[in-house]
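Q: Please take a close look at one packing contact here, and then work outwards to whatever lies around it. Keep it relaxed, but spell out the cut-offs.

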Amino acid sequence: MDFAVVVAVAVLLGWFTFHRISAHVTDVTSLAGTSAWEVITSEGDLAGAGQGVGESLWRSAVNAVQQAFGALAVFTFVYHFLSLAVMSRTPGQALTALCVVRRGGGGRPGKGRFAVRAAVTTLVDVGWYALACCLLVEGEIVLSVLCWVVAIFFFAFNAGLALMGPRRSLADRLAGVTVIGAWHVRAALAWIGGAARWGSRTGA
């Protein structure tokens, strides 16, 4: 479910960005004003004036795309961090009866650990790909390809960690947390409650 939410937001941002760019390109009044100003200040270099208008439109489109990818990364981080900080699990984990707890002690992790987990999750799931796409539209082909290679490496590495051994993802390991079945938490709370009631009866 968590992946589906991020994909849905990405689609909405893509739709919004497309219409934003289209509106800018088809804004005849603004475009005509810009073109006229470029011609007036061109000192007769009409080819240069036309190139300036084209570059202005292209820069606006690039900025819109980069802002969309930035918004997607921010949303992904906020979605994971707030879900963990409020419920100790994301909505997707809640549907599968999972819960994030501190590694070793099993207690509720602090907000700092949740922030680290959310940041690493965002970087692995969205961040590297978003950076690669932003570099691509900037014309930085080599850096973009390098980011794609790094993104694929981290995705494979993270998947390997999640599937082997203790099955803790890279985000879990760096944040010092682990994901367990929520029924374990409920069982522990029930046991503590039962022990407390037994102790009160014994004391009485």
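A: Here is the helix pair, after a quick word on the model and its overall layout.

This is a predicted model, so local features need pLDDT of at least 70 and side-chain atom pairs need 80 or more, while totals for chains, interfaces and linings use all residues. Numbering runs from 1 along each chain as its sequence is written, and side-chain values use heavy atoms, with hydrogens and water left out.

The protein has eight helices and two strands (DSSP runs: H or I of at least four residues, E of at least two, numbered from the N terminus). Reading from the N terminus, the order is α-α-α-α-β-α-α-α-β-α.

Now the pair itself. Helix 5 covers residues 111-137 and helix 6 covers 141-163; their axes come within 8 Å and cross at roughly 170 degrees (lines fitted to C-alpha atoms over the stretch in contact, with angles from 0 to 180 degrees between N-to-C directions). Helix 5 and helix 6 are therefore roughly antiparallel, a label for angles over 145 degrees. On the helix 5 side, the contact (heavy atoms within 4.5 Å) is made by V124, W128, Y129, L131, A132, C133, L135 and L136. Helix 6 answers with I141, L143, S144, C147, W148, V150, A151, I152, F154, F155 and N158. By residue class, that contact splits into 17 nonpolar, two polar and no charged (Ala, Val, Leu, Ile, Met, Phe, Trp, Tyr, Cys and Pro are nonpolar; Asp, Glu, Lys and Arg are charged; the others are polar).

Helix 5 also turns up in the largest nonpolar core, a set of buried Ala, Val, Leu, Ile, Met, Phe, Trp, Tyr and Cys residues joined through side-chain atoms within 4.5 Å. "Buried" is under 20% relative accessible area, "exposed" over 50% and "partly exposed" in between, using a 1.4 Å probe and protein chains only. That core has eight residues: F81, L84, A85, V100, F114, A118, A175 and V177. Helix 3 (46-87) and helix 5 are the elements that give it two or more residues, and helix 3 gives the most, with three. There is also a second, separate core of seven residues, V9, L72, V126 and A130 among them.

Back in the largest core, A175 touches R113, V116 and R117, leaving out residues up to four places away in sequence. R117 is also one of the contacts of V179, which sits in strand 2 (residues 177-181). With neighbours within four places set aside, the full list for V179 is Q93, L98, C99, V100, R117 and D172. At 27% relative accessibility, V179 counts as partly exposed. Its C-alpha atom is 8.8 Å from that of R103, 76 residues away along the chain.

Two loop residues have backbone angles to check. S88, in the loop between helix 3 and helix 4 (91-95), has a phi near 65 degrees, a positive value in a non-glycine residue. S88 is buried, at 7% relative accessibility. A97, in the loop between helix 4 and strand 1 (98-102), likewise isn't a glycine and has a positive phi of about 55 degrees. A97 is partly exposed, at 30% relative accessibility.

Zooming out, 30% of the 204 residues count as buried. Among contacts between residues at least 6 apart in sequence, 61% join residues at least 24 apart. The accessible surface comes to about 12,300 Å², 72% of it on carbon and sulfur atoms (Shrake-Rupley, 1.4 Å probe).

Key
Angles under 35 degrees count as roughly parallel, over 145 as roughly antiparallel, 65 to 115 as roughly perpendicular and the rest as oblique.
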